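Colleague: I've got the model open and want to talk through the ligand and the pockets. Can you walk me through them?

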Amino acid sequence: MEKYKTQGYVFEIRNFGNLMFFIIRDQYKKEQITFFKKENPDLFNEAKKITKESVISVIGEKKESEQAMNGYEIIPETLEIISLAEAPVPLDISGKIESNFDSRINYRYIDLRTPENLAIFKVRSKIVRATTEFFDNNGFININTPKIVSNGVESGSELFEIKYFEKKAYLSQSPQIYKQMMIAGGFNKVYEIGEVFRAEKSHTTRHLTEFTGIDMEMGYISDENDVMDLLEKYILYVLDYIKENSKQELEILKVNIEVPEKIPRITMAKAKELLKEKGKNIPENEDLDSEAEKLFGEIVKEKYNSDLVFLTEFPFSKRPFYHMCKDERINDLKITKSFDLIYKGCEISTGAQREHRVEILKKQMLEKDMSLEQMDYYVKMLSYGVPAHGGAGLGLDRITQLLLNLQNVKEAVLLPRDPEKLTP
Ligand code: AMO
């Protein structure tokens, strides 16, 4: 009979004196190995040395067994200890004892061995796949732009400064300039999946100092609704894709994905009215705080049966200089052609039509007290012909977190970075 070879981590050890069961596992399977003292005393004694989470390799006979979890057990003839794990292992990964998140991250290489974590990162990987598939199929070019930069555009305070030989440089806080530059470069549509750095001392369940951004930009648009149309198609594609292609993982994580038929678009003014009805007052020129965003998500779910909503018409005072403004003012406020996409009460995307008319752009920079000289490169880039364009940035980590109902965005990141965490 052909011998069966298998390898894996020793997940469970049950020693009955003259009989010993090991459960071993790898990413794909769990199997039972049965050692008999009487039949093979040398092998049995060797197996007794093995600690939990060691990696072993056995060759033996694969035998049908009604008691074994997948209907068979392996009776080993040879045993090789590939790596003997120190005991005790600092984390319990059987799910019986909960470890605090900080120790989990410190020993992430052990923490990741649980089926739940494996499922999270399999889903995250599929989201990336759905993203590239969607943008590629819709005529976008996948680009890579520099992460070592000389300037930021989102707001000066959020930049990490680095030493670049004799010069000062920064870690990129958004590919904003570059994605617009590619539109100025004659590409119709571009997207990028890449690291984004934010020097924000935020200690929340949705902020990281390093996150993975999904950025897109498209030319020849009529207004911001074209960008929202595309983004709506994209996010619904991702939800459908995961629902269809990650069934097993969703079952492990006990997640049910609801895909709305349409994503409502609600203006900031209307959102504030709806919030007021629920007792939450937001001053006219203010943005929604995270509490209001959460409540707004609940209101939309109740009224429109959708976990997703576009919040539109933000005042210019709350948006970056490069957002295009509408001609007419609302309640005396200058309103931008911008939006946020909110999923389960948390922002997952910001986007807008960009101001490509340099004279108006310069005025907007001055309104934000920016130095025209310092931003000269940005204005120049739009000075030699550029189509009307717009785009959006999304956070892959937040999409994964919210889709899988994870408490903290860090659970959706292999090795998260926050203001304190710099290792491993
Ligand atoms: P914004 O700053 O809103 O927009 O970022 C876009 C999206 O990135 C995610 N995100 C974060 N995720 C984790 N931790 C953070 N600290 C963090 N900050 C942002 C969110 C957010 O919606 N240039 C614009 C985009 C554009 O207009 O195209 C920008 O960067 O999901």
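Modeller: Sure, with a bit of housekeeping. It's a predicted model, so local features need pLDDT of at least 70 and side-chain atom pairs pLDDT 80 or more, while totals for chains, interfaces and linings use all residues. Residues are numbered from 1 along each chain as its sequence is written, and side-chain values use heavy atoms, with hydrogens and water left out.

Colleague: How far is a polar side-chain atom of Lys-179 from an oxygen atom of the ligand?

Modeller: We call a pair of N or O atoms within 3.5 Å a polar contact. For Lys-179, the atom in question is in the side chain, and its partner is a ligand oxygen; the distance is 2.7 Å.

Colleague: Which residue puts a polar backbone atom 3.1 Å from an oxygen atom of the ligand?

Modeller: Arg-354 reaches a ligand oxygen with an N or O atom of its side chain, at 2.7 Å, so by the same 3.5 Å cut-off that's a polar contact. The one using its backbone, at 3.1 Å, is Gly-395.

Colleague: How much of the ligand's accessible area does the protein cover?

Modeller: Accessible areas come from the Shrake-Rupley method with a 1.4 Å probe. On its own the ligand has 630 Å², and the protein covers 93%.

Colleague: How many residues surround the ligand?

Modeller: A residue counts if one of its heavy atoms lies within 4 Å of the ligand. Among the closest are Glu-154, Gln-176 and Glu-347. Helix H5 (176-184), strand E15 (346-353) and strand E16 (389-395) each give at least two residues to this shell. The total is 23 residues.

Colleague: Which pocket does the ligand sit in?

Modeller: A pocket is an open set of points on a 1 Å grid over the protein atoms alone, where a 1.4 Å probe fits, with protein on both sides within 12 Å along at least five of seven lines. To sit in one, a molecule needs more than half of its atoms within 2 Å of its grid points. The pocket here has a volume of about 1100 Å³, and the ligand sits in the largest pocket.

Colleague: Which helix gives the largest share of the lining of the second largest pocket?

Modeller: Lining residues have an atom within 4 Å of a point. There are 24 of them around this pocket, with Glu-98 and Arg-104 among those nearest its centre. Helix H2 (101-106) and helix H4 (115-137) each give two or more. The largest share, four residues, comes from H4.

How values were computed. A polar contact is a pair of N or O atoms within 3.5 Å; within protein, one must be able to donate a hydrogen and the other to accept it, and residues adjacent in sequence count only if both atoms are side-chain atoms. Grid points are joined across faces, edges and corners, and a volume is the space filled by probe spheres set on the points.
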